[in-house]
Amino acid sequence: MSQAAEERCFHCQLEIPAGADFPVEIEGVSQPMCCVGCQAVASAIVNGGLTQFYQYRSESADRPDEDSQHSWTVYDLPEVQQDFVLQLDGSERQAQLLLGGITCAACVWLIEQHVQRLPQVSKVRVNASTHRCWISYDESEGSLSEIFSSLSDIGFRPQPATDENQNRLLDDENRKALRRLSIAGLGMMQVGMVAIALYGGELFGISDQWQGYLRFISFLFATPVVFYSAVPFYQAAWRAIKTRHLVMDVPVSIAIILAYSASVWATISSGPDVYFDSVSMFTFLLLIGRYLEMRARHRAGFAAGNLAQLLPPTAHRCDSDKNVETVPLKLINAGDTVMVMSGETIPCDGHVLEGRSQVDESLLTGESMAVAKTVGQNVAAGTVNGESPLWIKVTALGNNTRLSSISRLVAQAEQEKPAQVAIADRVAAYFVAAVLIIAAAVFLFWWQYKPEDALWITLSVLVVTCPCALSLATPVALTAATNRLRRQGLLIVKGHVIETLTKLSRVVFDKTGTLTEGQPTVAKVICHQNDLSEEKVLSLAAALERGNSHPIAKAFRGFEQQLEIENIQSHTGAGVSGLWQGKELRLGRAAFVLADNPIDTQAIVLAVNGELTAEIFLQDPLRESAEPAISQLRDKQVQIELLSGDATATVCHIAEQLNIGEASALVSPEQKLSKVRSYQEQGETVMMVGDGINDVPVLSGADVSVAMSGASDIAQTHADSLLLSGDLRALPKAIDSSFFARKIISQNMAWAIGYNVCALPLAAAGLVPPYAAAIGMSASSLIVVLNALRLNKL
């Protein structure tokens, strides 16, 4: 074999074929590469000034697949982008990608640093555990295909974060974990059987020949466990050491390596003890815990890319004569009519054109009771039709549906790290450092006092005090609490919500769409100009409000006629304006519509060229859940306040019905925010509950904010949580659940710390053998998890 063939590629560490000559100069040294692909990737990294990647990586990079280096321009097509690109304001876009080839934290650093330099990219986030990448970019500054090409240049394989690709990635992760777990389990069982003979030999006597033979058999079975199954521990520990951050995998790795090395030496030199059984059991118990955690993470992430499993692949499209044709869901467009038979999943967002049925919305709202749907009412993709067929007009598909909106919110929540988890991580890091120092001190003591026991006692200290339970105490409880709240109808988007709810002192409500149903209807119209009939007034109002998501706009649906309104503008908290036949139209509050000559009225006012044309009186019933929710919040010593931009009489009427003592009318968005901040300056913790665009500033400024299920997209994006069911009684339930979660976290932390405090001196005194330490550590973690699962009981 030639010298060249024995060399390893600096980039991917594979053997360099004979005759290959693809060098790249890295930090002044010419490094060999195995192929033109690795040479191109390494050159891109060097030219980008990112050679630190090679210093910090903990695994070799993947070798680029030269056959897959094709044109990425297909991903610039809108038809292709609709499954994984979200359109934001103007030319702003957000793409969700899956990246193959991520092996360690250094890969995340490289991707973020490299892609961030592209002119069109404003933000890059990479999750190393899920291989997901979120890229915000400006389409006017550069194309998505350039981003794909840039990622490919540094050796990562980008692909859209679609349902199929996500499921393939999860399946691959599951297979790898199962392989490691299976080998660890088989190794543990075989080594355990041999260990019984070795322990029996120690009690009743055994020849040196048989003892050496049995130890060698144990060595053969334990070696795959140590060098294959336990590899994830070494990788995590090495990454942590490189970044100067201690995690629990550090003492775990040290314990496994020391125990295995000492056992191998004892096998070769006929030493006193071997620990192959303890090493195998310890590895298996840790792996099974992590596998169960991974499975729970996969199940919990229903909205992080599993929409294909929630929506049907086909739909029944109807023509004007009600002829039904079954077509792929991809061929359905907004405006089409689809028929959904009983028992089928609704494939789109829309409103019912014909039929009456019960629809199961538990997927979205957490409410187990089916909801009655009839003509004119809205239905959502992913919900299940119960009793009889429904004919539905499609209003949204794919990424534009409410289900997809919740998916994005869940994905956003996965990127949040609650303060309690961050604190627990820091405590665990200090605890690991203390364990390592104590273990070293214990080893030195026993080495002086009784050298033959020094190693196994030190191993017991490392294993029994492994802070697995401490690291799990908070995140497991928070995950269980988040799932509990979602089943109660409150989707948590930001990590601080559960902690903040336990400190809540005041809840501020918006009125329209929050305390009321948000489904106003026209009660009466008073026309002030004879040339415009009531029907014409409502048609003009409907045309002005067309496309507006504000609850008031819903009152005019059904009155649309083919009227051409130009230059329609929405004025937050005031109304809308536009041009009709060269005349200026204004619809909204009297102070806005009739700025020069306002009138005192509780109605919505329509003006043509500044002259009063009509008063439109609306009615909006209270939510059935409003009164009991406010009563329950008041019982918890929480102050209730109503802030609304509506007229004084309307706001006072609602406040009187709900027995709300503090209520303000005609409040602008800026005034709402100012009032909330004044409460915060006085030391109060404030929750804001709202649903409109005009609530966005105060939703962002409150300590914790809740957007209603029918809120505008921008309101949902800026809120900390989303009330999926629209049932306000979920708010007091959420407070109770948050206090329960805090209690569970305190119990878990107390147990984790107490266990370690009690177990450490016993292990240091030589009273706990390594196998018992492994059992104790795993049992401690299991107790923490089982205690947290109490939160799942409603």
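**A walk through strands, cores and a helix**

Let's start at strand β16, residues 390–396, where five of the seven residues are buried, leaving the strand mostly covered. Keep in mind as we go that this is a predicted model. Strand β16 has pairing partners to look at. Strand β10 (residues 337–340) runs antiparallel to β16 and is joined to it by four bridges; in that pairing, V340 has L390 as its bridge partner. Strand β11, residues 349–354, also pairs with β16 in the antiparallel sense, this time over five bridges. Here you can find E354 opposite W391.

A little further on there is an open sheet of three strands, ordered β13-β12-β15 and paired antiparallel. Its edges are β13 (371–373) and β15 (384–385), each of which pairs on one side only. Strand β12 covers residues 357–360, and three bridges tie it to β13 in an antiparallel arrangement. To locate this pairing on screen, look for Q358, which stands opposite A372 in β13.

Not every pairing here is antiparallel. As a reminder, strands of a sheet pair through backbone hydrogen bonds, and they may do so in parallel or antiparallel fashion. Strand β18, residues 506–509, runs parallel to strand β25 (residues 639–643), with four bridges between them. V507 faces I640 of β25 across this pairing. Strand β18 also pairs in the parallel sense with strand β27 (residues 686–690), again over four bridges, and there V508 stands opposite M688. How are the two faces of β18 placed, covered or open? Both are covered: R506 and V508 on one side are buried, as are V507 and F509 on the other.

V507 leads us to the nonpolar cores, since this residue belongs to a core of 46 residues that also includes L658, A734 and V784. That core is separate from the largest one, which has 47 residues. Within the largest core, the residues touching the most other members are F233, Y234, I256 and F282. Which helix gives the most to this core? The answer is α16 (residues 451–464), with eight residues.

F233 is worth a closer look. Leaving aside residues up to four places away in sequence, F233 touches D249, V252, S253, I256, T283, L286, L287 and R290.

Our last stop is helix α10, which spans residues 249–269. This helix has 21 residues and reaches 30 Å from first C-alpha to last, close to the 30 Å expected at 1.5 Å a residue. Just after α10 comes S270, with a positive phi near 60 degrees.

Notes. Residues are numbered from 1 along each chain as its sequence is written. This is a predicted model: local features need pLDDT of at least 70, side-chain atom pairs count only at pLDDT 80 or more; totals for chains, interfaces and linings use all residues. Side-chain values use heavy atoms; hydrogens and water are left out. The expected span of a helix is 1.5 Å times one less than its number of residues. A nonpolar core is a set of buried Ala, Val, Leu, Ile, Met, Phe, Trp, Tyr and Cys residues joined through side-chain atoms within 4.5 Å. Buried means under 20% relative accessible area, exposed over 50%, partly exposed in between (1.4 Å probe, protein chains only). Contact means heavy atoms within 4.5 Å. Two strands pair if DSSP finds at least two bridges between them.
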